[in-house]
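User: Can you walk me through how this fold is packed? Start with whatever I need for reading the contacts.
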Amino acid sequence: MTTSELWTRAEADRYDAEETEMSSAAVLGPTVAFLAELAGDGRALEFAIGTGRVGVPLRERGVPVVGIELSEHMTAVLRGKADESTLPVVIGDMATTVVAGGFSLVYLVYNTISNLLTQDEQVECFRNAARHLGPGGRFVIELGVPPLRFLPPGQVAVPFDVSERHLGFDTFDLVEQVLVSHHFTRDGADGHYRRGDSRHRYAWPAELDLMARIAGLELERRVADWDGTPFTQDSPKHVSVWRKPL
């Protein structure tokens, strides 16, 4: 049983509308180019494919894509963009669900590995990626760096968005490595705000590298974004690539 929180129908229906920036050409262009280069002539498997924000344009780029998704509601939204024959999706969790056939690329975008709320499950996610990869295949994760440098003594919350339509901040359990993202989103023009929250287990890049070693993968590359910006101690996120040895 996965610890991931399940997307509801209402959340799935409004997901794309609330993620317009992440679905823009400025974001998706470098993302798809990065992944397509790694996939080469092989197939790609997306863990937690969601509504197909990345999987659909990657398939349109010519890369055969298969998805694993826990929420049937998110998959239903994806089905409005691509049918089963074009982009197959298996309902299941990304730590244990197995898809037939081999892949040259397995990838997880937009902090999704943090949906697994225990270290054991995150390790199993790496093992599941390695299970699907052929020799020389790559596992790619996009994940934020925990913003703990913004926490002075006694403070437990860090804002990440303050805009006209949305207020967002994270609260941290520093012992369990769990953060809760709190969202206040303005609905319509009546001034009312909808409140929501989600739990995530944050992990440092070095911890992910150890998970990769446990799964038999080796770090090949780490950058700050899909455009190849160098990763530094000030980078708010990273895109990491681990390789299965030949």
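Analyst: Contact here means heavy atoms within 4.5 Å. This is a predicted model.

User: OK, with that cut-off, which residues does Phe 139 touch?
Analyst: Leaving out residues up to four places away in sequence, Phe 139 touches Phe 47, Val 106, Tyr 107, Leu 108, Cys 125, Phe 126, Ala 129, Leu 133, Leu 217, Ser 240, Val 241 and Trp 242.

User: Which residues touch the most other members of the largest nonpolar core?
Analyst: Phe 47, Phe 126, Phe 139 and Leu 217, in a core of 28 residues. E1, E2, E4, H5, E5 and H6 each give two or more residues to this core. H5 supplies the largest share, 5 residues.

User: What other core is there?
Analyst: Another one, of 26 residues, lies apart from it. Val 32, Leu 35, Ala 36 and Ile 49 are among its members.

User: Switching to the sheet. What's the strand order?
Analyst: E3-E2-E1-E4-E5-E11-E10, an open sheet of 7 strands with mixed pairing. E3 and E10 are the edge strands, each pairing on one side only. The twist averages 20° from one strand to the next.

User: How do E5 and E11 pair, parallel or antiparallel?
Analyst: Antiparallel, over 7 bridges. Ile 141 has Ser 240 in E11 as its bridge partner.

User: And which strands does H5 touch on the sheet?
Analyst: E1, E4, E5 and E11. The direction of H5 makes about 145° with that of E5. Buried residues of H5 include Val 123, Cys 125, Phe 126 and Ala 129.

User: Where does H2 lie?
Analyst: Across E4, E5, E10 and E11, running at about 150° to E4.

Definitions and conventions. Residues are numbered from 1 along each chain as its sequence is written. This is a predicted model: local features need pLDDT of at least 70, side-chain atom pairs count only at pLDDT 80 or more; totals for chains, interfaces and linings use all residues. Side-chain values use heavy atoms; hydrogens and water are left out. Buried means under 20% relative accessible area, exposed over 50%, partly exposed in between (1.4 Å probe, protein chains only). Helices (H or I, at least four residues) and strands (E, at least two) are DSSP runs, numbered from the N terminus. A nonpolar core is a set of buried Ala, Val, Leu, Ile, Met, Phe, Trp, Tyr and Cys residues joined through side-chain atoms within 4.5 Å. Two strands pair if DSSP finds at least two bridges between them. Axes are lines fitted to C-alpha atoms, for helices over the stretch in contact, and angles run from 0 to 180 degrees between N-to-C directions.
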